[in-house]
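Me: Could you take a close look at one helix for me, and tell me what its buried side packs against? Once that's clear, carry on to where the two chains touch.

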Amino acid sequence: MGNIVAIAQKEVRSYFATPLAYAVIGGFTVLFAVFFMSSLSFFLRVSLQAGMMEGAPPININQYMIRPLFGNTGVIMLFVLPMITMRSYAEEKRSGTMELLLSSPLTSLQIILGKFFGVLSLFVVMLAATSIHIGLLFWYGEPELLPVLSGYLGLLLMGASFISVGLLISSTTKSQGVAAMITFAVLLLFWIISWVGDPASGSWWSSLLAYLSVLDHFDDFSKGVIDTSHLTYYFSFIALGLFLTAKSVDSEQWRD
Amino acid sequence: MIEVQNVTKRYGSITAVQDVSFRVESGQILGFLGPNGAGKTTTMRILTGCLPPTEGKAIVAGCDISEAPIEAKRRTGYLPETPPLYPDMTVREYLTFASRISGVTTSQRASRIDFAMGQTSITDVADRHCRKLSKGYRQRVGLAQAILHDPDVLILDEPTAGLDPNQIRETRRLIKDLAGTHTIILSTHILPEVEQTCEQVVVINKGRVVALDTPANLKSRLGGAETIRLEIDTHGVDPLAALNAVPGVTQVATTAVNGTTVVEVQSTQGADIRRQLAQAVVSNGWGLLELRALQASLEEIFLELTTEDRVASSERTERTEDETDG
């Protein structure tokens, strides 16, 4: 446990020692703010129109603003998280510090979990920064709290899944650029995989593809529904990613 | 104690290390000698658990590296070819991290770090970032990292590379101090280093062990015939016949220098004929100005061991070419 914490702290420290962490957090919050503005102005327009109609029900801010905003946040994560995970293994291999980790009394699982929690804590900082905007909505309006919290949980789980993919791909290459590109491509694939099949057709493979999509599982969270099947999906996704990373690091020692 | 038993490492069709076996007793220093690309680093990476062997067994400090890797790694300090430093950490931060992952207890941490920094004389750069250090300091920070957790076994891949002559001397002294309480393997291609620091030498070439002995034995074993150099004043007489008559002499070469004669006498291997030679000179009434046994340096031995192989392999290539032509 102490080893995992030591490595996680080292990861976080190394992110903040370079401009990378600041650039990534800054970029993420700026993009989030832009999406926030656009969904806010959309919400205002819709509720203004609704207000002019007699007898129409009031527009729900959770449904018309926060939900799409969380969806867009997922898109930003798709671009930003590969930038964080790209260096986790690639950099250690390039600079030779992997030798230090490999020759220290650590299991490969400890190294991987340390790195995973290191990146995850950086991601939590990013999410925490967005709570300022969401807080403003609570200040001026009355959104429901529960769907907001479950939405954040969904984002956290989706982000953790992305990170596990990023770690896996970073462990296979020495080049950060290659790691970032492939991670992005793979994440995008998981994002759009459900578009291939037509869910209406009801064929087994389109429902399988829909099940694999990281996006489809996120939807319910942003609606305020915490479904165990979605939790299972994300936890399995993360565990598989980390397991494959462990295998990749081990097999690295055979290939070299 | 380190024991390597028939270790082989293959990458696909390439064999990096083939059937390497040797043993280092507790408290001894073993020098690992070989040209670049001979398999020194591969063997060391196997011993530190960074690389699993394809075949064979490595036992470090009583632990099989494949079966009890964590325990073996806890007892091993490793300085890789490139010191594994994190550029964004200060030296003290780096050593703190290294001590945390190598199992140094919290209460001992500060004292172990100070001790390691003192031993490698890097205390003056404790708060400098690793990326700003010179090659010599990097090397020593790497060494401090290796001795930090007081391991039983130290594996040092070219510990003096990149150091200036003063630092080299200090590092060698440090390594010698550490021996006795630590079992050490160090690799190098600097031959005097082996002569000065090591009790045993393994010469490795193209992944195979070509010699394993003490530096002194290696010299006498591989130095070929013994050569003795004499400088005598024969008053103009040719000493050739008289010296050839000494039992054990195989060859005599003489050169006249400024009125004296310099003679190089070769004898059969292992025979010490210095007394007989002196006797022969004196009984002829000549003046004996100098008499000394010439020892082949390790450098010559090393060249001999590694070039013989090269000649053999080039012959092989030629033959293949001939066959292709035919």
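Reply: The buried residues of α7(A) pack against four helices of chain A: α3 (61–95), α6 (145–170), α8 (204–212) and α9 (214–223). Keep in mind that this is a predicted model. The α7(A) residues that count as buried are Ala179(A), Ala180(A), Ile182(A), Thr183(A), Phe184(A), Leu187(A) and Ser194(A).

As for the helix itself, α7 of chain A runs over residues 176–196, which is 21 residues. From first C-alpha to last, α7(A) reaches 30 Å, close to the 30 Å expected at 1.5 Å a residue. There's a kink to look for, though: at Phe190(A), α7(A) bends by about 40 degrees.

Now for the place where the chains meet. Chain A puts 21 residues into the contact, and chain B puts in 22. On the chain B side, the elements giving two or more residues are α2 (69–74), β6 (76–79) and α3 (91–101). Of these, α3(B) supplies the largest share, with 4 residues. Sorted by class, the chain B side has 12 nonpolar, 6 polar and 4 charged residues.

β6(B) is worth a stop while you're there. Thr76(B) and Tyr78(B) point one way from the strand, Gly77(B) and Leu79(B) point the other way, and all are buried. β6(B) also has a partner strand in its own chain: it pairs with β7 of chain B (residues 153–157) in the parallel sense, over 4 bridges. To find that pairing on screen, start from Thr76(B), whose bridge partner in β7(B) is Val153(B).

Technical notes
Residues are numbered from 1 along each chain as its sequence is written. Chains are lettered from A and ligands numbered from 1 in the order in which they are written. This is a predicted model: local features need pLDDT of at least 70, side-chain atom pairs count only at pLDDT 80 or more; totals for chains, interfaces and linings use all residues. The expected span of a helix is 1.5 Å times one less than its number of residues. The bend at a residue is the angle between axes fitted to the seven residues ending there and the seven starting there. A residue is buried if 20 or more other C-beta atoms lie within 10 Å of its own, exposed if 12 or fewer, and partly exposed in between; C-beta atoms are placed from the backbone. Two residues are in contact if their C-beta atoms, placed from the backbone, lie within 7 Å. Ala, Val, Leu, Ile, Met, Phe, Trp, Tyr, Cys and Pro count as nonpolar, Asp, Glu, Lys and Arg as charged, and the others, Gly among them, as polar. Two strands pair if DSSP finds at least two bridges between them.
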